Amino acid sequence: MKIACIGGGPAGFYFAISMKLRDPRHDVHVFERNAEGVTFGWGVVFSDQTVENLMANDPVSGRIISDEFAHWDDIDVHIHDACVRSSGHGFIGIGRKRLLEILAGRARELGVEIHYEAECDPNLGVWRDWDLVIAADGINSRFRETHAEHFGVDIQERANRFVWLGTPKTFDAFTFAFEKTAAGWIWAHAYRFAEDCSTFIVECSEPTWAGLGLDQMDQAEAIALCEKIFAKYLDGQPLLTNAAHLRGSAAWLRFRRIICERWHYDKLILLGDAAHTAHFSIGSGTKLALEDAIKLAEVLNRPGLDRIEALAEYQAERNLEVLKLQNSARNSTEWFETVERYLDFEPWQFAYSLLTRSQRISHENLRLRDRDWLEETERTFWKKATGEEKTAWPMFAPMKLREMEVQNRIVVSPMAMYSARDGVPGDFHLVHLGARAQGGAGLVFTEMTCVSPEGRISPGCTGMWNGEQAAAWRRITDFVHANSKAKICLQLGHSGGKGSTRLGWDGDNLPLVEGNWPVISASDVPWAPVNQQPRPMSRADMDEVKGQFVAAVRMAIDAGFDMVEMHAAHGYLLSSFITPVQNKRTDEYGGSLANRLRYPLEVFTAMREAWPSDRPMSVRISANDWAGEQGVTPDEAVLIAEAFAEAGADLIDVSAGQTWADAKPVYGRLFQTPFSDKIRNEAKLATMAVGNITDPDQVNAILTAGRADLVALARPHLVDPMWTLRAAAMANYRDQWVPPPYLGGMAQMARLFEREAEMRQQS
Ligand SMILES: Cc1cc2nc3c(=O)[nH]c(=O)nc-3n(C[C@H](O)[C@H](O)[C@H](O)COP(=O)(O)OP(=O)(O)OC[C@H]3O[C@@H](n4cnc5c(N)ncnc54)[C@H](O)[C@@H]3O)c2cc1C
Ligand SMILES: Cc1cc2nc3c(=O)[nH]c(=O)nc-3n(C[C@H](O)[C@H](O)[C@H](O)COP(=O)(O)O)c2cc1C
C-alpha cells in the first residue's frame with residue numbers, strides 16, 4: 001500500500017514503523033511541517049504497561065527508548081510551605097525531542113521516507129493518489145477539520161491556562177508546586193525526563209493569568225515572572241521555552257478536549273491527538289497515540305480482514321480505551337480547574353485529594369504504592385476526626401452531629417419498600433431496618449415516610465400522621481437501639497405531583513390502576529403525560545402541609561428517632577418548588593431561587609423548631625436537575641445547601657436528578673459524589689454522598705479526600721444487610737461492634753479474607 005502519514009509526531013512515526021514491520025513492501029511516507037529536530041514540548045511520561053506494548057510491537061526501538069528512560073518513584077506535593085512526599089508511583093519519562101529522534105531513525109532504517117518542512121494541505125487533490133492518508137497531524141488537525149462534520153468532532157476548550165516549559169533543574173520526584181500570588185494561585189507540574197532536564201508545566205486559572213498580566217507579556221517576561229514565582233523550586237536554574245517565537249497569550253494555551261464520533265472517512269484515517277486528546281495532567285496523550293498506531297497497523301495487515309472491517313475494529317477497540325482515559329482525564333482536569341476549593345485543606349489531605357483526583361488511584365492502590373504514607377494519612381484522618389491515635393480505615397471513624405454520635409461513616413440510604421398498610425410499618429420494616437442496623441452501618445435511614453395519606457407515593461408507603469404509625473415506628477427504633485449501635489433517622493416527605501402511583505415493582509411513576517387520589521404540587525406540571533395534572537398549592541394548602549410536617553416531627557420524638565431528614569429532592573412536593581423545571585409559579589414562591597426556596601425553607605424552619613435542639617436534622621436535595629441552565633445546576637445547589645444550613649440543617653444529603661422525566665443523567669461510578677464534594681468544600685458544610693458507591697475502597701477514598709463526611713449506600717444494602725460488617729472483616733477491624741451472637745461468623749470471615757490476601761501476595 002502507498003501510505004501518506006501527515007505529521008511527524010509520535011503517532012505518525014510509530015504507525016509508519018508498525019506498518020513496515022508488518023509488511024516491508026508498504027510504501028510509507030511521513031510528511032512533517034517542521035524541520036528535523038524542531039518540536040514543541042519537553043518530556044513525556046509513560047507507564048510500564050506502555051513500555052511493554054512498545055517492546056512487543058518493536059523490540060528494537062522499544063529497547064532504545066526504555067534504556068533512555070528516566071525513572072522515578074516519588075510524588076512531592078508542595079503547598080503552604082509544606083511538602084508531602086509519597087512513593088511507589090513508578091513513572092518513566094523521556095524527552096519528546098529524543099523520542100521523535102529515535103522513532104524517525106527507526107522509521108528510516110525500515111525504509112520509511114520522511115519529508116521535513118512539508119506543510120500538507122488537505123484541500124489538494126494529490127491525496128487521492130494514495131491508498132491511505134493517515135491524519136496524524138495532532139490536536140489542531142487540519143485534515144480532521146476539513147471533514148469535521150463527517151468525523152462528528154466535539155471540541156471542548158477547558159478553563160485553565162498552561163504553558164509547557166523546561167528547566168535544567170533536575171527534580172528527583174514528580175513535583176506539584178502550588179504558589180499563592182496577589183492575583184491567585186498558580187502551580188507547576190514538574191518532572192525529570194533526562195539527566196539534565198525537566199519538564200515544567202505552569203498552570204493557573206484564566207483570572208489569575210490575566211491578573212498577573214501574563215496575557216500581555218512576551219515569552220521572556222512571562223518566563224521571568226514564573227522564575228520569580230517558583231524560585232524556591234528552581235535552585236537558581238532558568239526556565240526555558242522552545243516556542244520563543246510565540247507571544248505570551250499564544251504560548252499560554254487552554255487545553256482542548258477532542259472527541260470524534262467517527263475515526264475514518266474513506267481512505268482518510270484519524271490517529272492520535274487528531275482523533276482524541278487526554279489532558280496533560282494524566283500524561284497519557286503519547287501513550288494513546290502510540291497504541292492507536294499499533295492497533296491500526298495490526299488490523300490493516302491482518303489477513304482475511306477487509307478495510308471496512310479493519311477500521312471498524314480499530315475504532316471500536318481504541319475508542320473504548322480512549323473513553324476510559326478521557327473519563328479519568330476529565331476528573332483530573334476538573335480537579336485543577338476547581339482547586340480553589342481544596343486550598344484550605346491541610347497539606348496531607350490536599351495531597352491525598354490530588355493523588356486520587358482522576359479516580360484511577362484508589363485508597364488501597366495508594367497502600368500498595370506506599371503503605372507507610374497511607375497509614376500516616378489514615379492516622380491523621382482519625383486524629384482530626386476523633387482525637388484518637390489510630391491507624392484504620394477512615395470509614396470506621398465515628399462522627400458527631402449535634403449530640404448524636406454515629407459509630408462509623410456508613411449510612412443505609414433511604415429506600416421505599418412499598419410494603420406498608422395504611423402507612424403503618426410492619427414486620428417487614430422491623431426485619432428490614434433491624435437487619436441493616438445489625439449489619440453495622442452507623443446510621444440507618446427509613447424510607448420516605450409520608451406526612452399525610454395524600455402525600456404518599458403509593459398505597460404501600462409508610463406514614464407518620466397517626467398514633468398507630470408512631471407506635472409501629474417506636475417498635476422499630478426500640479429494636480434498633482436495643483440490638484445494635486446504629487442510629488436511626490426518619491426521612492419525612494410528601495410526594496406532591498409524583499404521588500398516587502403504583503408500587504415500585506409494578507411500574508415506575510405510573511398512576512394507580514384504580515383508586516387514584518388528587519395530587520398537589522408547586523405548579524400544574526404533570527410528571528409525565530400519563531400522570532395526573534397536579535393542583536398548584538394555595539397558601540392554605542401550604543399551611544396545611546407545613547402543619548403535617550411539624551406534626552410528623554413531633555410524633556418522631558415520641559417514636560424514638562435520633563434524627564430527622566426533610567426530603568426536598570427527586571421531584572416530590574418540596575423539590576417541585578425548588579426546581580424551575582417543575583415550579584412555574586409567578587407569585588413569591590416562583591421565579592428566583594430565593595422565591596423557589598421560600599416554602600421549603602419555611603417548612604424546614606418549622607420542623608427544626610419542633611425537633612429537639614440536641615438532635616440533628618438533614619435535608620436531601622437534588623444537586624443537579626440534569627437540565628442544563630433550565631434546571632438546578634450544581635452551582636445553584638451550593639446556594640440551596642447554604643440556605644438550608646442557615647435554617648439549621650446539620651448535614652446536606654446530596655442526591656441528584658429525578659426532578660423531571662426527560663432528564664439525561666450522566667451515570668457512572670460515584671456519579672453524584674462530585675456534587676457532594678462541591679457543596680462540602682465550597683460552602684464548607686457537612687455532606688453525605690450517595691449514588692453508585694459500592695465498595696469500601698471508594699468510601700475510604702471519598703472520606704479521606706474530604707469529598708463527603710458520610711457515605712450512603714442504597715442498592716448494595718438491599719442485597720447485603722451486613723455490608724459494613726463484611727467491610728470490617730475485610731479490614732480486620734476489631735473495634736466494629738458486632739451483634740454478639742454473630743461473632744463467630746465475623747471471625748471466620750476475617751480469617752478467610754486474610755487468607756485470600758496472603759494467597760494474592762504469594763501469586
Ligand atoms: C503541556 C503538555 C504536556 C504533555 N505531556 C504529556 C506527557 O507527559 N505524556 C504524554 O504521553 N503526553 C503528553 N502530552 C500529550 C502529547 O504531546 C500528545 O498527546 C502527543 O504528542 C500526540 O501525538 P500525535 O503524534 O498524535 O500528535 P503531535 O505530537 O501533536 O504531532 C503532530 C505532528 O503533526 C505535524 N503537523 C500538523 N499539521 C501538519 C500539516 N498540515 N502538515 C505537516 N505536518 C503537520 C506537527 O508539526 C506535529 O509534529 C502533553 C501535551 C501537552 C500540551
Ligand atoms: C428501592 C429504592 C427505593 C428508594 N427510595 C428512596 C426514598 O424513599 N427516599 C429517597 O430519598 N431515596 C430513595 N431511593 C434512592 C436511594 O436512597 C439512593 O439515593 C439511590 O438509590 C442511589 O444510591 P445507590 O446507587 O447506592 O443505590 C431509593 C432507591 C432504591 C433503590
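## Getting started: a loop and its arginine

Helices here are DSSP runs of at least four residues, and they are numbered from the N terminus. With that in hand, you can find Arg302: it sits in the loop that joins α11 (285–300) to α12 (307–337). Keep in mind that you're looking at a predicted model.

Is Arg302 buried or exposed? Somewhere in between: its relative accessible area is 29%, so Arg302 counts as partly exposed. If you skip its neighbours within four places in sequence, Arg302 is in contact with Lys295 and Glu313. Glu101, on the other hand, is 201 residues from Arg302 along the chain, and the C-alpha atoms of the two are separated by 29 Å.

## An open sheet

Now for the strands. Seven of them make an open sheet, in the order β6-β5-β11-β12-β13-β10-β14, and the pairing is mixed. At the edges you'll find β6 (82–86) and β14 (253–260), each pairing on one side only. On average, neighbouring strands of this sheet are turned by 25° against each other, direction ignored.

Zoom in on one pair: β11 (residues 174–181) and β12 run antiparallel, joined over seven bridges. One bridge puts Phe176 opposite His189 in β12. A helix also packs on this sheet: α13 (residues 347–355) touches β5 (75–79), β6 and β11, and its direction makes about 130° with that of β5.

## Rings that meet

If you hunt for aromatic rings with centres within 6.5 Å of each other, you end up with 36 aromatic pairs. Take Trp72 and Tyr191: their ring centres are 5.8 Å apart and their planes are at 10°, so this pair is stacked. The pair ties together distant parts of the chain, as Trp72 belongs to strand β4 (residues 70–72) and Tyr191 to strand β12 (residues 184–194), 119 residues apart. Trp72 has a relative accessibility of 7%, so Trp72 is buried. Tyr191 is at 5%, so Tyr191 is buried as well.

Another stacked pair is Trp393 with Phe396, with centres 6.1 Å apart and planes at 10°. Both of these residues are buried. Going back to Trp72 and Tyr191, they belong to one aromatic cluster whose members also include Phe91, Phe174, Phe176, Trp187 and Trp335.

Rings can have charged company too. The charged end of Lys2 sits over the ring of Trp130, 4.2 Å from its centre. Arg456 lies over the face of Trp517, at 5.3 Å from the ring centre.

## A closed barrel

Elsewhere, eight strands form a closed barrel: β19-β20-β21-β24-β25-β26-β27-β28, with parallel pairing. Its neighbouring strands are turned by 25° against each other on average, direction ignored.

Where does the ring of strands close? β19 and β28, the two ends of that list, run parallel and are joined by three bridges. Val411 stands opposite Ala712 in β28. Strand β27 (residues 687–690) pairs with β28 too, in the parallel sense over three bridges, and there Ala712 is the bridge partner of Val690.

In a regular strand, side chains alternate between the two faces of the sheet. Strand β28 (residues 710–713) has Leu710 and Ala712 on one side and Val711 and Leu713 on the other, and all of them are buried, so both faces are covered.

Further round, β21 (residues 487–493) and β24 (residues 563–568) pair in the parallel sense over four bridges, with Leu490 opposite Val564 in β24. Helix α18 (residues 539–558) lies across β21 and β24, at about 165° to β21. Helix α21 (residues 634–646) lies across β24, β25 (617–622) and β26 (651–655), at about 160° to β25.

## A mostly covered helix

Finally, have a look at helix α16 (residues 427–438). From its first C-alpha to its last, this twelve-residue helix reaches 16 Å, close to the 16 Å expected at 1.5 Å a residue. How many of its twelve residues are buried? Nine, which leaves α16 mostly covered. Among them are His429, Leu430, His432, Leu433 and Arg436.

What does the covering? The elements include two strands, β19 (410–412) and β20 (443–450), along with the helices α17 (467–483), α24 (715–719) and α25 (723–731). After α16 comes Gly440, whose phi is positive, near 105°.

Conventions
Residues numbered from 1 in each chain as written. Chains lettered and ligands numbered in written order. Predicted model: local features only at pLDDT ≥ 70, side-chain atom pairs only at ≥ 80, totals over all residues. Heavy atoms only, no water. Phe/Tyr/Trp six-rings, centres within 6.5 Å; stacked < 30°, edge-to-face > 60°. Buried < 20%, exposed > 50% of the residue type's maximum accessible area, 1.4 Å probe, protein only. Lys NZ or Arg CZ within 6 Å of the ring centre and 35° of its normal. Expected span 1.5 Å × (residues − 1). Contact = heavy atoms within 4.5 Å. Pairing = 2+ DSSP bridges. Axes fitted to C-alpha atoms, helices over the stretch in contact; angles between N-to-C directions.
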